[in-house]
Every structure is written in C-alpha cells, then in structure tokens.
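Student: Could you put the model up? I have some questions about how it is put together.

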Amino acid sequence: MRLTILGGGGFRVPLVYGALLRDHAPGRVTEVTLYDVDGARLAAIAKVLADQARDSADAPAVRATTDLDEALRGADFVFSAIRVGGLAGRAADERIALAEGVLGQETVGAGGVAYGLRTVPVADAIARRIKAVAPGAWVINFTNPAGLVTEAMARHLGERVIGICDSPVGLARRVARTVGADPDAVRLDYAGLNHLGWLHGLYEGEQDVLPRLFADDALLTSFEEGKLFGADWLRSLGSVPNEYLHYYYFNREAVAAYRQAELTRGAFLLDQQARFYATVADGEQAWDAWDRTRAEREATYMSENREVSGAGERAADDLESGGYENVALALMRAIARDEPATLILNVRNGSSLHALDAEAVVEIPCRVDASGPRPLPVTQLTGHEAGLVSAVKAVERCVLEAAEAGSARAAVKAFALHPLVDSVQVARRLLDGYRDAHPGLAYLRP
Ligand code: G6P
Ligand code: MN
C-alpha cells in the first residue's frame with residue numbers, strides 16, 4: 001500500500017513513520033512518498049527516517065519528491081500536513097494579532113483566520129490535483145486550521161477527505177485515566193468543531209462517568225483540562241471543553257500572557273526548527289537531534305495557558321507523542337483493511353448537529369470501516385455551545401468565500417465576525433497588517 005505525505009519535510013513526519021514501523025500486519029503501508037516544496041527539509045527528514053528504520057527488516061521504502069503530481073500518482077492514502085508560509089508565517093500571524101491586542105493563535109481567533117486565508121487556496125489547489133491524479137485515494141488532513149481546511153478540500157473530494165486532530169482523543173484519554181476507566185473501552189460523547197468541542201459524557205457500558213468526576217474536586221483538578229479550567233468552571237459548564245477553549249473562556253488572561261512572553265509559540269518553534277534542520281544538514285545523528293527537539297516541543301506546548309491557570313508542568317503521560325499518528329494509522333487501517341474503529345474525526349455534519357448545515361465539517365465520533373467514516377449519534381450542543389460553534393463556522397465560511405472570490409471584503413468580515421475580535425476597525429487593520437506581512441494574501445482584492 002502506498003502512502004503519500006504532503007509536507008513530507010515537516011517535523012512531525014517521523015511520528016507517522018514510527019507508527020508505520022510498528023505495523024507488521026498484511027496490507028500495511030510498504031511505500032512512503034514524501035512531498036514538500038523545500039528539498040532541504042525533505043533531505044533532513046529522510047535522514048531521520050533512515051536512522052529510524054535502521055533495525056527494521058520490513059520498514060516501508062521512502063522516496064522524496066518536490067513534484068506534486070508525481071507524489072500523488074498511485075497513492076492509496078494521502079496525508080496532508082502542510083504549513084503554508086512556514087513557521088515564519090505562524091510567528092507573523094501571532095505578532096500582528098497580539099499587536100492589536102487580540103489572540104494570535106494558529107487555529108483560534110485572528111491568527112487562525114489569517115492562517116486559514118493563506119492556507120485555503122493552497123489546500124484547494126491540492127485537492128483539485130488529488131481529484132485529477134489520484135481520484136481513488138483517501139485523504140487524511142492534518143493541516144491546520146484542520147476543520148476549515150478539511151471543509152475546503154471536501155468541496156472537491158467529498159467524503160474522501162477526513163480531518164484529524166489529537167486533542168479530543170487526548171482529552172478523553174486523560175478523563176478516562178482519571179476515573180480509572182479503560183481509555184480504549186469507553187464511549188465518547190464529544191461534539192463541536194476542531195479545537196472547539198466539548199466532552200458531554202464518557203461511558204463505561206451504560207454508565208456516564210463524568211458525574212463521578214465532577215463530584216470529586218481532587219480528581220477534577222488532577223488532569224490537564226481540569227487544571228486549565230478549574231473545577232468550578234467545569235461544573236458550571238457541565239462538560240469538559242477541549243483545551244483550546246481556554247483561549248475563549250480565559251481570553252483576556254491568555255492574550256496578556258502571550259503579549260508578555262519573550263517569544264510567541266511560532267517564533268520559538270521557528271528558532272528551534274532552524275537549529276534542528278541545520279544540525280541534521282551538518283551531519284549530526286539525525287534521530288537524536290530530532291528526538292531531543294521533539295521532547296522540548298512537547299514540554300513547552302501551551303505553556304502560557306498553563307501559566308495563566310497555574311496548571312504547572314505537563315503530566316508525563318501527556319508528553320509522549322502518539323496522538324496524531326495513532327489516529328491517522330487507526331483510520332487508515334479501518335479503511336484499508338476493513339478493521340472497524342471508532343474515532344473522533346472531522347467529517348461532514350450531515351444531520352448530526354442540528355445547529356449546523358449538512359455540508360459543515362464538524363468534529364464528532366465516527367464508526368469507520370472500508371466504506372469510510374459514519375458519524376455516530378451524539379448529544380446535541382447546548383445553547384451556549386451551538387452559539388459559539390455557529391459563530392465560528394460563519395467565520396470559516398467567510399474565509400472560504402474570501403479564498404474562492406479573492407475578496408478582501410469577505411476576509412475583513414471573517415476577522416470582524418470572530419468572537420475573539422472585538423471591532424470592525426480592528427478587523428480592517430488586521431487584514432492590512434497580514435497583507436503587508438504575507439505575500440500569499442496578495443490574491444485578496446478590494
Ligand atoms: C496539538 C493540536 C494540533 C497542533 C499542535 C500544535 O497537537 O491538536 O492541531 O498542531 O498541538 O503544537 P505546537 O507544538 O505546534 O504548538
Ligand atoms: Mn489539532
């Protein structure tokens with residue numbers, strides 16, 4: 001089976017390859033094609049993968065190319081994990097928003113809108129090439145903002161594109177462990193958009209364990225989301241929000257902390273990755289350099305949010321990577337080998353969430369087999385949740401419209417309608433700032 005990874009020079013590719021190396025079953029991936037626009041990054045990652053495969057007899061063969069059509073031809077699965085504008089673009093997204101006093105995060109708020117405006121046209125063009133060159137391939141989208149990008153690609157690929165994220169499964173695993181349930185045996189009642197969802201229930205058999213969690217202060221504040229949001233606020237909500245909701249519920253504090261930070265997340269990662277890719281090019285042990293860099297990245301994830309809420313260091317369990325690649329691999333196996341699995345995925349809503357239309361891409365549990373994912377029944381969103389989700393989906397639709405029509409007006413509307421942007425004037429200045437910083441936004445015309 002052939003897997004193509006778009007963004008194949010990206011830092012997280014060895015996580016995916018590691019998951020492939022652990023799979024020895026018949027029908028596993030035997031050929032991996034890495035595609036990237038940057039040949040030097042491809043070469044560096046290819047070295048890490050070669051180190052990684054050293055002791056494996058049945059390691060998937062790896063080839064690298066900077067030709068998109070060549071990469072896509074013959075692919076059974078395509079993982080799309082690109083970063084349009086690179087980490088310098090991410091750092092600019094953050095800096096420009098923070099200078100206006102609003103959040104500059106890669107998936108949430110003004111930063112997410114800017115990143116979406118830059119990424120959607122590229123993802124759209126890729127989806128068209130996939131449709132032309134590899135129409136039978138399944139596409140697993142990791143590219144952020146993942147829900148929006150999946151919806152953009154679904155306009156060409158329909159149900160053949162599925163978005164993934166590790167945050168819902170990470171949340172569910174932490175809650176399950178906290179109450180002593182088996183994370184692999186529980187049923188998750190989770191719904192929302194990517195990075196904007198809530199866990200309404202976690203069932204062991206017929207029993208929802210959330211009431212047990214909510215009744216116990218010590219338990220409730222013992223895991224990441226409990227520490228971020230606090231027991232009192234979780235009880236008020238009556239659900240456990242995705243960690244990215246911290247940017248909404250504690251927006252003022254998060255923005256203040258991000259403004260004070262010496263480096264934004266993007267700027268930190270930009271430096272860190274520049275060092276990593278240079279080190280590998282200089283011939284240092286590629287795997288060691290990669291693993292060191294990965295550990296540092298995991299340890300510092302969402303550090304400002306944790307600081308704001310006094311959450312302290314991340315739990316040891318949360319430092320293992322394993323989220324993304326395991327979801328992706330389980331999804332690929334379910335489809336390719338008809339091994340049914342239940343996964344939280346970004347798929348078309350259909351009739352699942354009443355607050356949204358059928359075409360909206362939402363993040364919900366699905367049963368997946370060879371015929372693809374089918375959404376499972378979930379509890380409907382509460383009024384508050386539906387309000388937020390509808391508002392953010394409206395923003396995403398403005399981004400899609402801006403990208404499709406090249407409309408600066410729609411882009412301003414996307415910024416202005418975002419619940420975390422507090423003025424149309426701010427929205428206009430944001431677009432001006434982003435257009436100055438990103439050549440990739442030149443397509444937007446007044
Ligand atoms: C989580 C999110 C991803 C995001 C990543 C960012 O895993 O679910 O969507 O890409 O965090 O981490 P970073 O190290 O880039 O800040
Ligand atoms: Mn994610």
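Student: What stands opposite Ile140?
Tutor: Ile162 of strand E6 stands opposite Ile140. This is a predicted model, in which local features need pLDDT of at least 70 and side-chain atom pairs pLDDT 80 or more, while totals for chains, interfaces and linings use all residues. Residues are numbered from 1 along each chain as written, chains are lettered from A and ligands numbered from 1 in the order written, and side-chain values use heavy atoms, without hydrogens and water.

Student: In which sense do E5 and E6 pair?
Tutor: Parallel, over three bridges, with E6 covering residues 161-163. Two strands pair if DSSP finds at least two bridges between them. Strands (E, at least two residues) and helices (H or I, at least four) are DSSP runs numbered from the N terminus.

Student: How does the chain get from E5 to E6?
Tutor: The chain goes through helix H6, residues 146-157, in a right-handed β-α-β crossover. Right-handed means that, with the strands pointing away from the viewer, the path from the first strand over the helix to the second runs clockwise.

Student: Which other strand pairs with E5?
Tutor: Strand E4, residues 77-80, pairs with E5 in the parallel sense over four bridges. There, Phe77 has Trp138 as its bridge partner.

Student: Which way do the residues of E5 point?
Tutor: Trp138 and Ile140 point one way, and Val139 and Asn141 point the other way. These residues of E5 are all buried, that is, under 20% relative accessible area (exposed is over 50%, partly exposed in between; 1.4 Å probe, protein chains only).

Student: What do E2, H2 and E3 make?
Tutor: A right-handed β-α-β unit, with helix H2 at residues 39-53. Strands E2 (residues 31-35) and E3 (residues 61-65) pair in the parallel sense over five bridges. Among the bridge partners are Thr33 and Arg63, the latter in E3.

Student: Back to the stretch after E5. What is the peptide bond from Asn144 to Pro145 like?
Tutor: That bond is cis, with omega near -10°. Pro145 sits in the loop between E5 and H6. Most peptide bonds are trans, and most residues other than glycine have a negative phi.

Student: What is phi for Met302, then?
Tutor: About 55°, so a positive phi, although Met302 is not a glycine. Met302 is in the loop between helices H15 (286-299) and H16 (303-308) and is buried, at 4% relative accessibility.

Student: And for His195?
Tutor: Phi of His195 is near 60°, again a positive value in a residue other than glycine. His195 lies in the loop between E7 and E8, and is buried at a relative accessible area of 4%.

Student: Which residues are the protein donors of the manganese ion?
Tutor: Cys165 through SG, His195 through NE2 and Tyr324 through OH, at 2.3 to 2.8 Å from ligand 2, the manganese ion. Donors are N, O and S atoms within 2.8 Å of the metal (3.2 Å for Na, K and Ca), and sites may look incomplete because water is not among the atoms.

Student: How are those donors spaced along the chain?
Tutor: The spacing is C-x29-H-x128-Y. His195 and Tyr324 are 129 residues apart, so this pair links distant parts of the chain, with Tyr324 in helix H18. Tyr324 is buried too, with a relative accessible area of 15%.

Student: Where is Arg337?
Tutor: Arg337 is in helix H18 as well, and is buried at 18% relative accessible area. Its C-alpha is 6.9 Å from that of Gly27, although the two are 310 residues apart in sequence.

Student: New topic. How many cavities of 30 Å³ or more are there?
Tutor: One, from a search of the whole structure. On a 1 Å grid over the protein atoms alone, a cavity is a set of points where a 1.4 Å probe fits but cannot get out; a pocket is an open set with protein on both sides within 12 Å along at least five of seven lines, and lining residues have an atom within 4 Å of a point.

Student: How much space is in the largest cavity?
Tutor: About 230 Å³, a volume being the space filled by probe spheres set on grid points that are joined across faces, edges and corners. Of the 19 lining residues, Thr107, Val108, Pro145, Val392 and Glu396 are closest to the centre of the largest cavity.

Student: Which helix gives the largest share of that lining?
Tutor: H19, with four residues. Helix H5 (109-133), H6 and H19 (383-405) each supply at least two.
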